[in-house]
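Student: I have a model open and want to learn how to read it. Can we go feature by feature?

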Amino acid sequence: MESSMKPLSSDYSYYLKTFKLFLERSTEHQCLQKFIDENLPDIVTRAYLNSSKCSGAAEQQLSRDRVGDAHNYPSAFSMLPEDHPLGTRRPAKFEPNVLGIGSGSGKIDFEILHKIQSKHPSLSIHDEVVEPNPEQISSYQARVKDESQGLNISSTWNQMSSEEYEKQVKERNESKKFDLIHMIQVLYYVQSVHDSIKFLHSLLESNGKLLIVYVSDGSGWHSLWKTFGSRFTSSSLFLEVRKLLDEMRMKYQIHELSSDLDITECFIEGNENGELLLDFLTEVMHFSKTAPAALKTEVLQYLRQPQCSREEDGKVIFNNTLQVIVIDC
Ligand code: HSM
């Protein structure tokens with residue numbers, strides 16, 4: 001019976017087990033890494049330059065920061081041009097605030113911070129982390145200890161969900177704003193996508209960017225959840241993000257990142273990895289054992305269809321294409 005199915009998110013350590021296997025079988029982190037290397041510096045830098053009517057001098061400062069001459073000049077980020085409308089609100093030395101929602105163990109967060117710092121060594125960055133799982137926070141803290149040598153980054157951790165963080169900010173009447181907010185593969189787990197985006201958008205510094213990573217409309221995820229989402233446990237899996245953002249009148253750009261997930265093991269009856277991958281795909285714990293037989297059969301058949309996968313060298317490769325949505329302030 002469908003009612004015996006439990007959401008994957010109800011047991012975090014089990015979720016992590018499926019997620020780790022997903023990362024081993026997919027190119028997700030590799031393609032995010034490539035995006036961070038190739039696109040992120042420009043997104044962050046242009047966020048400042050484009051909208052602040054930046055002077056030629058600041059443009060030159062930026063080029064100098066790019067070649068790493070950190071000591072003899074202010075970085076493009078480190079000072080706002082004199083005519084910048086926020087000149088009086090911001091400190092003379094610009095110290096970017098970065099907020100990560102659902103940061104996990106900080107793997108991708110740290111790649112982002114590293115990248116910004118390596119492009120702009122003179123910046124000191126403040127990193128605020130929101131993550132509900134205490135073990136993940138500990139892993140993030142260990143990572144900071146091990147990997148932050150030579151970096152000028154300070155971190156604050158909030159062990160809570162994004163909704164609790166929103167409540168805290170509102171109760172404390174906090175006015176802190178962020179230059180970059182990222183929410184990577186987290187939208188599936190928030191209570192209201194609309195409210196979360198609205199709240200995070202309200203935390204953006206003028207010219208700041210909200211970066212959301214979500215499965216692409218052209219991915220196998222999108223087709224799978226559109227077809228079966230209402231029969232899995234989490235009815236909010238299927239989401240048309242662009243439509244929502246347009247309704248919210250957000251200004252945004254989308255970068256599509258092509259990515260693969262090898263799901264061959266899902267088709268080997270009783271294969272433990274295959275079952276874990278099915279759990280991750282459906283967001284249902286022990287899907288193979290708890291889903292109605294008919295649903296399981298339909299899902300397995302559908303996963304082989306071109307809307308979801310392609311066959312290559314005897315393997316079934318699921319379309320894991322991602323979208324990085326960059327929302328302007
Ligand atoms: N867990 C839902 C989809 C996904 N998450 C893909 C990470 N990558």
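Student: Is histidine 286 buried, exposed or partly exposed?

Tutor: Count C-beta neighbours. A residue is buried at 20 or more other C-beta atoms within 10 Å, exposed at 12 or fewer, and partly exposed in between. Histidine 286 has 17, so it is partly exposed. Keep in mind that this is a predicted model.

Student: Where is histidine 286, and what is its phi near?

Tutor: Histidine 286 sits in the loop between strand E9 (284–285) and helix H12 (287–290). Its phi is near 50 degrees, a positive value in a residue other than glycine.

Student: Where is arginine 249, and what is its phi near?

Tutor: Arginine 249 has phi near 55 degrees, again positive and again not a glycine. Its loop runs between helix H10 (241–247) and strand E7 (252–257).

Student: Is arginine 249 buried or exposed?

Tutor: Use the neighbour count again. Arginine 249 has 6 other C-beta atoms within 10 Å, so it is exposed.

Student: Now a helix. Which residues of helix H8 are buried?

Tutor: Start from the general idea. An α-helix has 3.6 residues a turn, so residues three or four places apart point the same way. In helix H8 (residues 193–202), the buried residues are Ser196, Ile197 and Leu200. They lie on the same side of H8 because they cover an arc of only 95 degrees around the axis.

Student: Which exposed residues does the face of H8 turned away from its buried side carry?

Tutor: That face carries His194 and Ser202.

Student: What covers the buried residues of H8?

Tutor: The cover includes strand E2 (97–101), helix H7 (162–171), strand E5 (178–184) and E6.

Student: How many residues does the largest nonpolar core have, and which have the most contacts inside it?

Tutor: Look for the hubs. The largest nonpolar core has 68 residues, and Ile181, Met183 and Ile212 have the most contacts inside it. Strand E6 (residues 204–215) gives the most to this core, with 7 residues.

Student: What does isoleucine 212 touch?

Tutor: Set aside residues up to four places away in sequence. Isoleucine 212 then touches Met183, Leu187, Ile325 and Ile327.

Student: Which residues surround the ligand?

Tutor: List the shell, then sort it by character. Glu28, Gln185, Tyr188, Val215 and Trp221 surround the ligand. The shell divides into 3 nonpolar, 1 polar and 1 charged.

Student: Glu28 is in that shell. What does leucine 23 touch?

Tutor: Leucine 23 touches Glu28 and His29, leaving out residues up to four places away in sequence. Leucine 23 lies in helix H1 (residues 12–25). It has 15 C-beta neighbours inside 10 Å, so it counts as partly exposed.

Student: How far apart are leucine 23 and leucine 261, in sequence and in space?

Tutor: Sequence and space can tell separate stories. These two leucines, 23 and 261, are 238 residues apart in sequence and 8.6 Å apart in space, C-alpha to C-alpha. For the whole chain, take the contacts with a separation of 6 or more: residues 24 or more positions apart account for 76% of them.

Student: How many helices and strands are there in the chain?

Tutor: There are 13 helices and 12 strands. Buried residues make up 37% of the 329 residues.

Student: Over which residues does pLDDT stay under 50?

Tutor: Start with the chain as a whole. Mean pLDDT is 87, and 84% of the residues reach 70 or more. Then look for low stretches. Residues 51–62 stay under 50, and the model has 19 contacts beyond four places in sequence for them. Residues 66–91 also stay under 50, with 44 such contacts.

Definitions and conventions. Residues numbered from 1 in each chain as written. Predicted model: local features only at pLDDT ≥ 70, side-chain atom pairs only at ≥ 80, totals over all residues. Core = buried A, V, L, I, M, F, W, Y, C linked by C-beta atoms within 7 Å. Helix = DSSP H or I, 4+ residues; strand = E, 2+ residues; numbered from the N terminus. Contact = placed C-beta atoms within 7 Å. Near = placed C-beta within 6 Å. Nonpolar A, V, L, I, M, F, W, Y, C, P; charged D, E, K, R; others polar. Arc of directions from axis to C-beta. pLDDT = per-residue confidence, 0-100.
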